[in-house]
Amino acid sequence: MNVVVWRRRASSVARFFLLLFLVTVAVFLLLDLIPGNPVDAILPPDATAEQRAAAAEQYGLNDPMWQRYLDWLGGILQGDFGRSFQTGLSVSDQILERAPVSIELAVLAMIVALAVSIPVGVWSAYRPGSVVDRASTFMISATLATPAFVLGILLVYVFAVKLGVLPVLGWVPFSEDPAEHVKRLILPVITLAAGECVLFTRLLKGDMMATLQQDHVLSARARGLPTRSILTRHSLRQSSFSLVTVSGVVIGRLIGGTVLVEAIFSLPGMGTLVITAIQSRDYIVVQAVVLLSAIVYLLMNTLVDVSYPLLDPRVRKVRTS
């Protein structure tokens with residue numbers, strides 16, 4: 001592997017750690033920038049001055065900001081996000097309990113979005129103006145005009161309330177009832193995947209239409225190669241670099257962005273956890289969830305950037321002068 005590729009990877013990794021440091025600083029300052037005193041979120045309004053002083057000492061709120069940041073960062077590096085102001089429970093344990101729900105929801109939404117977008121985008125590019133192309137264009141316009149929370153409520157009304165074919169709300173672990181678990185995931189996954197289907201379809205269609213006009217594809221057509229071979233072997237891979245790049249960004253965003261969907265469908269994921277924490281002013285929980293979401297987003301971006309030379313042969317062929 002050439003020097004240029006190694007430099008690109010080293011630059012990506014260095015940028016990741018720099019951004020990660022800035023994210024930790026910003027998330028830490030979140031607690032200090034919130035109006036009021038954090039002690040107000042810990043104690044009831046009628047707490048005495050002695051109780052307030054004891055709470056501030058217990059949580060290190062009297063220490064200098066730099067010391068509190070280092071203590072907080074040191075705990076995070078050891079997997080300790082502190083304890084909830086309201087319940088006294090370990091924030092790490094709460095996140096570990098809730099994270100699988102959000103991760104499963106995000107990954108399934110990503111799979112569904114790609115499974116729908118790739119064939120639709122490829123065929124729409126190959127046959128512009130066809131029934132598939134017109135139908136996808138209509139669905140894209142309709143989805144763009146419908147916010148995710150509206151789509152989720154609409155799906156619940158149609159499939160759960162009116163037709164009664166799917167459960168309305170709630171969560172059933174896979175270990176308890178696999179069939180019911182899958183049923184309760186269908187509507188949330190569709191709601192989350194719909195917006196990504198729009199993005200992926202439009203992106204792939206545009207890239208495919210450009211690729212199909214390139215000389216090597218036109219030559220393959222002239223040689224009489226099967227349409228399937230032209231679309232998959234000669235066109236799809238070259239057109240998928242942007243899709244792969246965006247997919248890495250999207251999966252990171254989905255894992256940290258399931259708040260509305262989890263709230264609509266009453267799913268016990270990290271989104272519901274952060275909403276409950278905001279309502280109860282449990283800021284240390286909010287800090288942890290925001291930080292983890294940002295880390296996942298940065299990590300996915302960096303992994304895509306580092307692996308890009310493996311996906312695009314043109315990058316591997318670059319040589320130093």
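Here is a short student and tutor chat about this predicted model.

Student: Before we start, what kind of model is this, and how are residues numbered?

Tutor: Residues count from 1 along each chain as its sequence is written. It's a predicted model, where local features need pLDDT of at least 70, side-chain atom pairs count only at pLDDT 80 or more, and totals for chains, interfaces and linings use all residues, while side-chain values use heavy atoms, with hydrogens and water left out.

Student: How many helices and strands does the chain have?

Tutor: Helices here are DSSP runs (H or I, at least four residues), strands are E runs of at least two, and both are numbered from the N terminus. On that count, the secondary structure comes to 15 helices and zero strands.

Student: What share of the chain is buried?

Tutor: Let's set the cut-offs: buried means under 20% relative accessible area, exposed over 50%, and partly exposed in between, using a 1.4 Å probe and protein chains only. The chain has 321 residues, and the buried part makes up 40%.

Student: Is Ser117 buried or exposed?

Tutor: Ser117 sits in helix α5. Leaving aside neighbours within four places in sequence, Ser117 is in contact (heavy atoms within 4.5 Å) with Val122, Glu196, Cys197, Phe200, Thr201 and Leu204. Its relative accessibility is 1%, so Ser117 counts as buried.

Student: And Leu163, buried or exposed?

Tutor: Find Leu163 in the loop between α7 and α8. Its relative accessible area is 54%, so Leu163 is exposed.

Student: Which element gives the largest share of the largest nonpolar core?

Tutor: A nonpolar core is a set of buried Ala, Val, Leu, Ile, Met, Phe, Trp, Tyr and Cys residues joined through side-chain atoms within 4.5 Å. The largest one has 38 residues, and those with the most contacts inside it are Leu105, Met208, Leu212, Leu254 and Phe265. Elements giving two or more residues to this core include α5 (91-126), α8 (178-211) and α11 (241-256). The largest share, ten residues, comes from α8.

Student: How many residues are in the other core that lies apart from it?

Tutor: Look for Phe16, Ile95, Val274 and Ile284, which are among its members. That separate core has 25 residues.

Student: Which residues does Met208 contact, leaving aside neighbours within four places in sequence?

Tutor: Met208 is one of the residues with the most contacts inside the largest core. With those neighbours set aside, the list is Val122, Ala125, Leu231, Ser235, Leu236 and Ser239.
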